[in-house]
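Colleague: I am new to reading structures, and I would love a close look at one part of this one. Could you walk me through the sheet and what surrounds it?

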Amino acid sequence: MTGLESLYQELILDHSKRPHGKGLADEAAHTATSHQRNPICGDEITLRVRVTDDGSEVAEVTWDGAGCSISQASASMLVSLLEEEGRMPRAEASTLIEGFREALRSRGELPLDEEVFGDAAALSGVSKYTARVKCAMLAWVAFEDALARA
């Protein structure tokens, strides 16, 4: 294992042990919730999105779930990225989701850009393991679904 791979593995474990945004915020106005489950391994995520009053920006994302380190870390990394950005325009959030999906489906050909994806770039290596892609995608699919409902 290279030094970078080791660092990424540590980052994934750190996010799974000390997750950002874990614990669902109370449902309020302008929120939408999505529950997603990976039937292959049993990972589950419930993710709640709150958008601004006019619906144009993502104001908050919280989640709860259970599963492997990759699924839990991915949810934490998603929230961490959104927290760093502050409010994020919905169009930008959709572009982020599509970029993440494209990289994870690339079988290692398209690495995630750390400048764009922050800590979630550590999940680039997951794309080489088809069975683990769904684990990493679970929170992002829930985010996409919740945004569509909001």
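Modeller: Let's start with serine 34, which stands opposite leucine 47 in β2. Right beside that pair, histidine 35 stands opposite threonine 46, also in β2. Before we go on, this is a predicted model, in which local features need pLDDT of at least 70, side-chain atom pairs count only at pLDDT 80 or more, and totals for chains, interfaces and linings use all residues. Residues are numbered from 1 along each chain as its sequence is written, and side-chain values use heavy atoms, with hydrogens and water left out.

Now for the strands themselves. Strands (E, at least two residues) and helices (H or I, at least four) are DSSP runs, numbered from the N terminus. Two strands count as paired if DSSP finds at least two bridges between them. Strand β2 covers residues 44–51 and is joined to β1 by seven bridges, the two running antiparallel. They form a hairpin with six residues between them, and glycine 42 in the turn has a positive phi of about 90°.

On to the next partner: β2 and β3 pair in the antiparallel sense over eight bridges. Threonine 46 appears again here, with aspartate 64 as its bridge partner in β3. This hairpin has five residues between its strands, and glycine 55 in its turn has a positive phi of about 75°.

Putting the strands together gives an open sheet of four, in the order β1-β2-β3-β4, with antiparallel pairing. At the edges stand β1 (31–37) and β4 (88–89), each with a single partner strand, so one side of each has no neighbour in the sheet. Helix α2 (residues 69–85) packs on the sheet, where it touches β2, β3 (57–66) and β4. The direction of α2 makes about 160° with that of β3; such angles run from 0 to 180 degrees between N-to-C directions, with axes fitted as lines to C-alpha atoms, for helices over the stretch in contact.

How enclosed is β2? Six of its eight residues are buried, so β2 is largely enclosed by the rest of the structure. Buried means under 20% relative accessible area, exposed means over 50%, and partly exposed lies in between (1.4 Å probe, protein chains only).

That brings us to the largest nonpolar core, which has 42 residues. A nonpolar core is a set of buried Ala, Val, Leu, Ile, Met, Phe, Trp, Tyr and Cys residues joined through side-chain atoms within 4.5 Å. Leu47, our partner of serine 34, is among the residues with the most contacts inside this core, as are Val49, Val61 and Phe143. The elements giving two or more residues to the core are β2, β3, α2, α3 (90–104) and α5 (130–149). Of these, α5 gives the most, with eleven residues.

Phenylalanine 143 makes a good last stop in the core. Setting aside residues up to four places away in sequence, phenylalanine 143 touches Leu47, Val49, Val58, Val61, Leu78, Leu82, Ala93 and Ile97, where contact means heavy atoms within 4.5 Å.

Finally, look at serine 76, in helix α2. Serine 76 is buried, with a relative accessible area of 0%. Leaving aside neighbours within four places in sequence, serine 76 is in contact with His15, Arg18, Pro19, His20 and Trp63.
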